[in-house]
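Reader: I would like to learn how to read a model of this kind, one feature at a time.
Author: Then look at the structure, and we will start from there.

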Amino acid sequence: MALEATAPVSFPVPKENEPVRRRAVFSHSVRGAESHHALSPDDAAAAIRTRRRRKTNDDSLQLIDDLVNRPMDPMFSDSRLVHEHRSTFSIWFNRIVVFIICVGVGFAYSLFVQQLQSDPRKQVRQTLATQLENRNSQIDELTTDVNNLRSQVDEQSKKISGSVKSDTLIQDEMVNGATVVEGEGITMTLADPIAASQSDQSSSTRVGTSTNIRVITDLDLQQLVSLMFQNGAEAIAINGNRLGAQTSIRKAGGHILIGMAAIQSPYTIEAIGDKSALAEAMGEKKLASLYDSFKEAGIYPQVSKSNSITLEAAVTGEVKYAERNE
């Protein structure tokens with residue numbers, strides 16, 4: 001009874017704020033128990049003095065009492081009693097608006113992801129490759145038209161003059177590549193190494209900026225063509241492009257140009273002349289050091305003899321400033 005008299009005053013709770021559910025009591029006899037532990041008389045007196053010194057207006061006790069006895073805010077409790085009535089039209093209208101917004105956001109996000117995944121450089125390369133193919137097709141068509149017109153001019157000249165071309169003129173046209181020729185000869189085929197063919201050929205691998213892979217360059221083709229002419233070749237074509245007096249072999253970007261026509265690996269060099277002499281001169285025995293350098297890079301030239309090779313006329317430009325010296 002002494003403990004109950006000295007206990008602190010509990011904060012009163014109004015009836016309207018009393019919690020609906022009370023805390024469960026596991027045993028009815030727990031109310032009569034003063035302590036769960038056996039205390040000596042001195043400890044009991046100390047506990048009583050401690051409880052007497054507690055302040056009844058402690059803020060912590062006020063907070064605990066509010067949390068236990070008033071867990072729900074009165075304004076929130078009042079708001080739950082009133083339910084807003086919404087029409088079916090407003091509900092479905094809001095759902096449709098939200099659905100349209102979600103679809104728009106998803107579509108914009110998909111476009112953004114697609115734009116991130118696309119490589120603009122690849123599109124530029126494809127565009128340039130398409131333009132190059134179209135230009136090459138136009139060059140081939142124009143070359144065919146020039147050859148046909150040249151044949152027509154020759155026929156008309158024969159009809160007018162009543163005589164054929166002189167042997168000197170025919171020989172000059174054959175040497176300059178201005179006419180179609182046919183004869184025996186050799187065919188040399190060589191290609192870039194497998195490592196270079198598997199990589200992106202559109203990159204500037206030939207100028208040595210991004211890789212150390214050894215590929216066939218314009219200097220290699222110039223050297224092979226020079227060796228063929230030195231050993232008796234009378235007419236040469238690379239990948240079907242006849243070499244004439246004004247035909248150049250040069251590099252531009254990542255491609256090799258024969259005149260204005262771009263070629264790529266594998267490279268086929270056709271030469272008309274004594275097939276036995278050319279095959280021996282361009283073989284591995286005569287050009288051991290050149291073949292060894294090619295083998296170190298993974299390039300293996302192949303030389304084959306042919307009984308009949310036909311080479312079209314070379315594309316010749318118009319001479320505007322050069323004049324004959326009298």
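The dialogue below takes up the chain, its sheets, one pocket and a few residues in turn.

Reader: What kind of model is this, and how are residues numbered?
Author: This is a predicted model, in which local features need pLDDT of at least 70 and side-chain atom pairs count only at pLDDT 80 or more, while totals for chains, interfaces and linings use all residues. Residues are numbered from 1 along each chain as its sequence is written, and side-chain values use heavy atoms, with hydrogens and water left out.

Reader: How many helices and strands does the chain have?
Author: Helices (H or I, at least four residues) and strands (E, at least two) are DSSP runs, numbered from the N terminus. The chain has 11 helices and 8 strands.

Reader: What share of the residues counts as buried?
Author: Buried means under 20% relative accessible area, exposed over 50%, and partly exposed in between, with a 1.4 Å probe and protein chains only. Of the 326 residues, 21% count as buried. Strand 1 is mostly covered, with 7 of its 10 residues buried.

Reader: And what do the contacts say about sequence separation?
Author: Contact means heavy atoms within 4.5 Å. Among contacts in the chain with a separation of 6 or more, 76% are between residues 24 or more positions apart.

Reader: Which strands does strand 1 pair with?
Author: Two strands pair if DSSP finds at least two bridges between them. Strand 1 (residues 181-190) runs antiparallel to strand 7 (residues 267-272), and 6 bridges join them. Within this pairing, Thr187 has Glu270 as its bridge partner, and Leu190 has Tyr267. Strand 1 also pairs with strand 8 in the antiparallel sense, over 8 bridges; there Met188 stands opposite Val303.

Reader: Which other strand is joined to strand 7?
Author: Strand 2 (residues 235-238) is joined to strand 7 by 4 bridges, and the two run antiparallel. Ala235 has Ile272 as its bridge partner in strand 7.

Reader: Take one residue of strand 8. Is Ser306 buried or exposed?
Author: In a regular strand the side chains alternate between the two faces of the sheet. Ser306 lies in strand 8 (residues 302-311) and is buried, with a relative accessible area of 17%. Leaving out residues up to four places away in sequence, Ser306 touches Glu184, Gly185, Thr187 and Lys275.

Reader: In what order do the strands of the open sheet come?
Author: The order is 4-5-6, with antiparallel pairing among the 3 strands. Strand 4 (249-252) and strand 6 stand at the edges with a single partner strand each, so one side of each has no neighbour in the sheet. Neighbouring strands of this sheet are turned by 40 degrees against each other on average, direction ignored. Axes here are lines fitted to C-alpha atoms, for helices over the stretch in contact, and angles run from 0 to 180 degrees between N-to-C directions. Strand 4 is joined to strand 5 (residues 255-258) by 4 bridges, and Ala252 has His255 as its bridge partner.

Reader: Which helix lies across these strands?
Author: Helix 9 (residues 218-230) lies across strand 4, strand 5 and strand 6, running at about 175 degrees to strand 4.

Reader: How is a pocket found, and what lines the second largest pocket?
Author: Rolling a probe the size of a water molecule over the atoms shows where empty space is left. On a 1 Å grid over the protein atoms alone, a cavity is a set of points where a 1.4 Å probe fits but cannot get out; a pocket is an open set with protein on both sides within 12 Å along at least five of seven lines, and lining residues have an atom within 4 Å of a point. The second largest pocket is lined by 24 residues, of which Ile139, Thr143, Asn241, Ala261 and Val315 lie nearest its centre. Helix 6 gives the most to this lining, with 7 residues.

Reader: Where should I look for unusual backbone geometry?
Author: Most residues other than glycine have a negative phi, and most peptide bonds are trans. Asn239, in the loop between strand 2 and strand 3, has a positive phi near 55 degrees. A cis peptide bond joins Ser265 and Pro266, with omega about 0 degrees. Pro266 is in the loop between strand 6 and strand 7, and touches Leu190, Ala191 and Asn239, not counting residues up to four places away in sequence.
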